[in-house]
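Colleague: Could you show me how to read a model like this one, one feature at a time?

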There are 2 protein chains.
Amino acid sequence: MFDDAESDPKLLSDEADRIIPTLRTQLLKAQYQHLNKQDRALLILVGGIDGAGKGDTINLLNDWMDPRHIRTIAFGPANRSDKQYPPAYRFWQALPPKGQTGIVFGSGYAPLISEAVKKRPDTRKLEDMVLMARRFEADLVANGVQVIKLWFHLSRKAQSERTSRLLENPSTAWKVSPLDKKVHKRFSRLRDAGQRIIEATDSAHSPWIIIPAADENMRNVRTGQAVLQALRRQSIRVPALHDPAELPKLRPSINPLTKLDYTVSIPKDEYDEQMLLWLNRLAEAVRHPKFVKHHSLVLAFEGQDAAGKGGNIRRLTRAMDARQYKITPISAPRQFELNRPHLWRFWREVPAKGKIAIFDRSWYGRVLVERVENLTPKVSWRRGYTEINAFEQQLVNHGAIVLKFWLAITEDEQLKRFKEREKSPFKQFKITADDWRNREKWKEYYRAAGDMLSFTHTDLAPWHVLSSNDKRYARVQVVKRVTQAIENAIKSHD
Amino acid sequence: MFDDAESDPKLLSDEADRIIPTLRTQLLKAQYQHLNKQDRALLILVGGIDGAGKGDTINLLNDWMDPRHIRTIAFGPANRSDKQYPPAYRFWQALPPKGQTGIVFGSGYAPLISEAVKKRPDTRKLEDMVLMARRFEADLVANGVQVIKLWFHLSRKAQSERTSRLLENPSTAWKVSPLDKKVHKRFSRLRDAGQRIIEATDSAHSPWIIIPAADENMRNVRTGQAVLQALRRQSIRVPALHDPAELPKLRPSINPLTKLDYTVSIPKDEYDEQMLLWLNRLAEAVRHPKFVKHHSLVLAFEGQDAAGKGGNIRRLTRAMDARQYKITPISAPRQFELNRPHLWRFWREVPAKGKIAIFDRSWYGRVLVERVENLTPKVSWRRGYTEINAFEQQLVNHGAIVLKFWLAITEDEQLKRFKEREKSPFKQFKITADDWRNREKWKEYYRAAGDMLSFTHTDLAPWHVLSSNDKRYARVQVVKRVTQAIENAIKSHD
């Protein structure tokens, strides 16, 4: 794999002078076509042996292309505030929109290499990291982000010589990091770790490209050529992970909603008593030091129009400090959101440790309204189930408590509430022509909800399907289940 | 001032039941009109005596109005990561767009009250804080953000009773913070401090409104009425601070650019030597622990088209680590940016401590392109000079090193460069019809630049006007001046 790169091939200066002007022109042209088509973003991950000139490459690409449409995404080790969020959070925040190019420097592969280079790597952990990286890239690619990965490589001798040469000259010595100096001592281990990781994470949709880095001309030209080829690709390769044959089969015959008892209700006095009890416990739970330190809370509210999402959310927040929670109401995505993968706008709202994010409608719009209203091709929304499960899994792995509520009402009850809303001067705003239109598609939404509940009900992030025909019943259940989930999480630390 | 509030007025329940439904309907209607007009954002700052029910008010407004168009902006004390940025940074990040309402809880007034309540307040510091708050609000209002400030107040007795009542009942005890319990002990001091701050920061354009808070009905109704009145206001009041009579007089006769010597140049070998020297010093300076800990670097590049902004920036960044700097190219604002004050999109790019923000064109577009192309009314861009000075002052006060470069070329030199660009296959992208059009307005831009240089050249954030007819001369000067500025800042800690 590294044979070519470790032979340290060189490009003579006049050869380079001949190639580079054409390459630059082609790169610029391809960049502009990419920009105008706006069919995808390009993400270039930059990895490789330390001291192989990765840093210079960023300047190079910014120099050769139009830097106004390139985002350099450069991460150091996660700091205190980064650690408040799942590891992928930083990437999501920095993701370029369609038409643009992102160069990721200090890529997410550093932790994989560190593990693989150990004398006794934790194989289980390493496999998990590899799976996560593959999954992450496949999801990006499937959602319009093209990915290429550059691995800068050179022979042990050349690495060591380059480092010494840079160190000798005071004007370049600062380019050498303490890490670079150590590389030659464990070159073969680093090399083998790199090879192992590259093999495990190479794929047609997010390929690794080895860049021979000993000679500057060669490194520059090969980098430029790799980027050019990526920009020129007519369309993104669909990841095998997302092969339609592997998508979940829709099973419209089994709908969890059909089993639901809509007659449950509780009397007013019991409601008052229960709400008081649970709100007090909730108020205590969200302030518990173990919750604040180790966890966050993510609540998604879905359900038919007029099922009572807003009312439930308002009651929950009575037990919370306004500084601790944020309600995010979700409606149709705006253009800048459509320019990114569909989960992007939700990643932006992922709460830090100790915080609470409440979604009034959520990422499940992908498999509800986008499906029913034909806003998204079938192949894309069907992928949504697994993408969403992976998203929630990342939240939970990082300590988030994730609860999803489906507030269910019957068709008759909805009609009654619509009419009430139309009559009430301060509820009129809640009812629009859209609501009536959606109501006509009751069956389609019902079926979509059924599939969603089947495919995304997981142990880590369960659905709570509640009849909301009696608002009081649903409200008590919501507060109770949220509270219990937090209390259980707190107990788990005992 | 507090007479009414400290008489703890009450609203009987049936009175409240009569008033509230109408008030809610009016609030919703006004909110929707506000939303549709999109002529301004409304910011509601919530302050007052602790234990007066400020927190409940947020739930109230979210309950009475359509919460999808309200942003609750709730700040706790600044944490480690907040402290990386100037104090106003958090507000700017959270600013709602036009049409929306923001409720700021734990408002920026807490530090003012803490200072004023001391036995021996630092009068100088307090005056500075007051001036800053006034300035900040005036700038917001002048740029389309309406501001009202609610002060929740009640008598000492009522505050103490409310706290005890809440504490007695386990179901409300959590609403009482440790701070609330202490209030009655120093009630009169808190009250006087509040009065002092309110008097100092009350103004027609961002008024304080005292809300009697002892009785829940009264508090709710008065809050709702205050918000209703604000939403219904036909237009924003222009702050006196921004009275056209107080704006700087334009002095087109004195133009710093006319004094410039365009013949300066340096030979190639001297250039190579100098660049090497200064880039090495720069590389060291940006990595110096004192720079990283105490400072950040903000560089703004302006100048005629083809003056060499990009080339200068690329050379600077050769001495920097890609993880440390970010280049932000500025073009015409997008719709979501136009929905906020013009400085908003630059506040978003303010660097954390140890980081470097480089702007290829900048906030000076307000008084350059927006002026010359008539994109902004004269009264607004003229305000820009003082707004920009205040912005830069905040950056510098927080440790930022701010340098602004005007790269100047002559009309002939520009023509030469335009023609070269058209001929070069990989520079063609840099030259568009716009550039030729701008060239026709050379004199207008020249005059606008002259005014800008006169009004915004400050000791804290000086302009560096450099002839760039000889690119080598300008490049050496830029690297040298940036380096010296950082080195001086480092020395200042000795």
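**Reading the features**

Modeller: With a relative accessibility of 42%, Pro111(A) counts as partly exposed; buried means under 20% relative accessible area, exposed over 50%, and partly exposed in between, computed with a 1.4 Å probe on protein chains only. Please keep in mind that this is a predicted model, in which local features need pLDDT of at least 70 and side-chain atom pairs count only at pLDDT 80 or more, while totals for chains, interfaces and linings use all residues. Residues are numbered from 1 along each chain as its sequence is written, chains are lettered from A and ligands numbered from 1 in the order in which they are written, and side-chain values use heavy atoms, with hydrogens and water left out.

Colleague: In which helix does Pro111(A) lie, and is Lys29(A) buried or exposed?

Modeller: Helices (H or I, at least four residues) and strands (E, at least two) are DSSP runs, numbered from the N terminus. Pro111(A) belongs to helix α5, residues 110-116 of chain A, and its C-alpha atom is 9.5 Å from that of Pro77(A), which is 34 residues away along the chain. Lys29(A), placed in helix α2 (residues 13-37) of chain A, counts as exposed at 55% relative accessibility, and its C-alpha atom is separated by 32 Å from that of Asp50(A), although those two are 21 residues apart along the chain.

Colleague: How many helices and strands does chain A have, and how much of chain A is buried?

Modeller: Chain A has 21 helices and ten strands, and buried residues make up 56% of its 494 residues. The C-alpha trace of chain A spans about 85 × 50 × 40 Å along its principal axes.

Colleague: How should I check a single helix, and what span should α20 of chain A have?

Modeller: The expected span of a helix is 1.5 Å times one less than its number of residues. Helix α20 of chain A (residues 442-456) has 15 residues and should therefore span 21 Å, which agrees with the 21 Å between its end C-alpha atoms. Several residues of α20(A) are buried, among them Trp442(A), Tyr445(A), Leu453(A) and Phe455(A). The cover over the buried residues of α20(A) includes α17 (378-397), β9 (400-408) and α18 (411-423) of chain A, where contact means heavy atoms within 4.5 Å.

Colleague: Which side chains meet in a salt bridge within α6 of chain A?

Modeller: A salt bridge is a side-chain nitrogen of Lys or Arg within 4 Å of a carboxyl oxygen of Asp or Glu, and by this rule there are 65 over all chains. The side chains of Arg135(A) and Asp139(A) form one of them, at 3.0 Å from N to O; both residues lie in helix α6 (residues 123-142) of chain A, four residues apart, which is about one turn of the helix. Arg135(A) is partly exposed at 22% relative accessibility, whereas Asp139(A), at 12%, is buried.

Colleague: What does a salt bridge between distant parts of a chain look like, such as the one that involves Glu373(B)?

Modeller: Glu373(B) and Lys441(B) meet through their side chains at 2.7 Å, N to O. This pair links distant parts of the chain, with Glu373(B) in the loop between α16 (369-372) and α17 (378-397) of chain B, and Lys441(B), 68 residues apart from it, in the loop between α19 (433-440) and α20 (442-456) of chain B.

Colleague: How are the two chains related, and how much area do they bury between them?

Modeller: Two copies of a chain are related by a rotation about an axis and a shift along it. Here the copies are superposed by least squares on the C-alpha atoms of residues with pLDDT of at least 70 in both, and chain A can be laid on chain B with an RMSD of 0.0 Å by a turn of 180 degrees and a shift of 0.0 Å along the axis. That is the relation of a two-fold axis, and Ser81(A) is the residue of chain A that comes closest to the axis, at 3.3 Å (C-alpha).

The size of an interface is often given as the accessible area lost when the parts come together. Buried area is the accessible area (1.4 Å probe) that two parts lose on being put together, summed over both, and for chain A and chain B it is about 3700 Å², 63% of it on carbon and sulfur atoms. Trp174(A), Phe426(A) and Phe429(A) supply 19% of the area that chain A buries against chain B, more than any other three residues. The contact takes 40 residues from chain A and 40 residues from chain B, and 100% of the interface residues of chain A are also interface residues in chain B, so the copies meet through the same surface. Two salt bridges are found across this interface; Arg314(B) forms a salt bridge with Asp63(A), with the closest N and O atoms 2.4 Å apart.
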